[in-house]
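Reader: I should like to learn how to read the features of a structural model, one at a time. Please show me the model before we begin.

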Amino acid sequence: MIGGVDIRDVAGCTCLRLRRAGRMATQIFDTHLQPAGLTVGQFGVMAQVYGCSLWRPPMTMKELSTIVGMDPTTLNRTLKPLEVQDLVRIEPDRRDRRARCIRLTMSGRDRLAQAMPLWRAADDELHRTVGAEATLALSGLLSLAGEKLRKPE
């Protein structure tokens, strides 16, 4: 016992198991995406920015952080190297000069296009490794958990 908790209870901690599986999956994706010079976190943010740009004005940092489930400080740390490489542009929002909007540059679109087949290969590897049935179940459970954990705006 430590702090009134049996240390063996920590072995069954859902959060720690989720983080472990996440790190292992991240290793697969980061390895595949390395030739494009992106991490899976950067790839995910760029894909979200691109996808949303197809149907709406550029997202603000706050909107993007909510969509990707990242606090604004972590999102900023993820975006900085992309901005330095001219893959994204962060500029004042035309609607509210206090807010900052994120846009994918042409170089960013090119890099995202280069990364897409690498992402597909990583996703295929994860599916093969985990199995189709487990992948489907895991995706459903993660979506459900994400919805339940989402903080009301």
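Reader: Leaving aside its neighbours within four places in sequence, which residues is L79 in contact with?

Author: The model is a predicted one. In it, once the neighbours within four places in sequence are set aside, L79 is in contact with V45, M61, V88, I90 and I102.

Reader: How should such a set of contacts be read, and which residues have the most contacts inside the largest nonpolar core?

Author: The general idea is that nonpolar side chains tend to be buried together in soluble globular proteins. Here the largest nonpolar core has 21 residues, and M46, V49, L64, L79, L82 and I102 have the most contacts inside it.

Reader: Which elements give two or more residues to this core, and which gives the most?

Author: Two or more residues come from each of α2 (40–53), α3 (61–68), α4 (72–84), β2 (88–92), β3 (100–104) and α5. Helix α2 gives the most to this core, with five residues.

Reader: Let us take one core residue further. Where is L82 placed, and is L82 buried or exposed?

Author: L82 is in helix α4. Its relative accessible area is 0%, so L82 is buried. Leaving aside neighbours within four places in sequence, L82 is in contact with L38, Q42, M46, L87 and V88. As for separation in space, the C-alpha atoms of L82 and G108 are 8.2 Å from each other, although these residues are 26 apart along the chain.

Reader: How does one step back to the protein as a whole: how many helices and strands are there?

Author: The protein has six helices and three strands. Along the sequence they follow the pattern α-α-β-α-α-β-β-α-α. Taken along the principal axes, the C-alpha atoms fill a box of roughly 55 × 35 × 25 Å. Of the 153 residues, 24% are buried. Considering contacts between residues at least 6 apart in sequence, 53% join residues at least 24 apart.

Reader: How is the packing of two helices described, and at what angle do α5 and α6 pack?

Author: Two packed helices are described by the angle between their axes and by the distance between those axes. Helix α5 (residues 106–130) packs with helix α6 (residues 132–149) at an angle of about 110°, and their axes are 6 Å apart. That angle makes α5 roughly perpendicular to α6.

Reader: Which residues of α5 and α6 meet?

Author: From α5, L126, H127 and V130 meet A132, A134 and T135 of α6. By character, the residues of this contact comprise four nonpolar, two polar and no charged.

Reader: Turning to charged side chains, how many salt bridges does the structure hold?

Author: The structure holds six salt bridges. The point to look for is a side-chain nitrogen of Lys or Arg within 4 Å of a carboxyl oxygen of Asp or Glu. One of them joins R8 and D6, at 2.6 Å from N to O. R8 is exposed, with a relative accessible area of 65%. Another joins R56 and E63, whose closest N and O atoms are 2.9 Å apart. E63 is partly exposed, at a relative accessible area of 29%.

Reader: Which residue forms a salt bridge with E91, and where do the two partners lie?

Author: E91 forms a salt bridge with R103, with the closest N and O atoms 2.3 Å apart. E91 lies in strand β2 and R103 in strand β3, so the pair ties together parts that are 12 residues apart in sequence. R103 counts as partly exposed, at 26% relative accessibility.

Reader: What is to be noted about the backbone of D86?

Author: D86 has a positive phi of about 60°, although D86 is not a glycine. D86 is placed in the loop between α4 and β2, and with a relative accessible area of 35% this residue is partly exposed.

Reader: Finally, which residues is D30 in contact with, leaving aside its neighbours within four places in sequence?

Author: D30 is in contact with T39 and V40 on that basis. D30 is found in helix α1 and counts as partly exposed, at 27% relative accessibility. D30 and G108 are 78 residues apart in sequence and 18 Å apart in space, C-alpha to C-alpha. L16 is also found in helix α1 (residues 14–33), and L16 counts as partly exposed at 43% relative accessibility.

Key:
Residues numbered from 1 in each chain as written. Predicted model: local features only at pLDDT ≥ 70, side-chain atom pairs only at ≥ 80, totals over all residues. Heavy atoms only, no water. Axes fitted to C-alpha atoms, helices over the stretch in contact; angles between N-to-C directions. Helix = DSSP H or I, 4+ residues; strand = E, 2+ residues; numbered from the N terminus. Parallel < 35°, antiparallel > 145°, perpendicular 65-115°, else oblique. Contact = heavy atoms within 4.5 Å. Nonpolar A, V, L, I, M, F, W, Y, C, P; charged D, E, K, R; others polar. Core = buried A, V, L, I, M, F, W, Y, C linked by side-chain atoms within 4.5 Å. Buried < 20%, exposed > 50% of the residue type's maximum accessible area, 1.4 Å probe, protein only.
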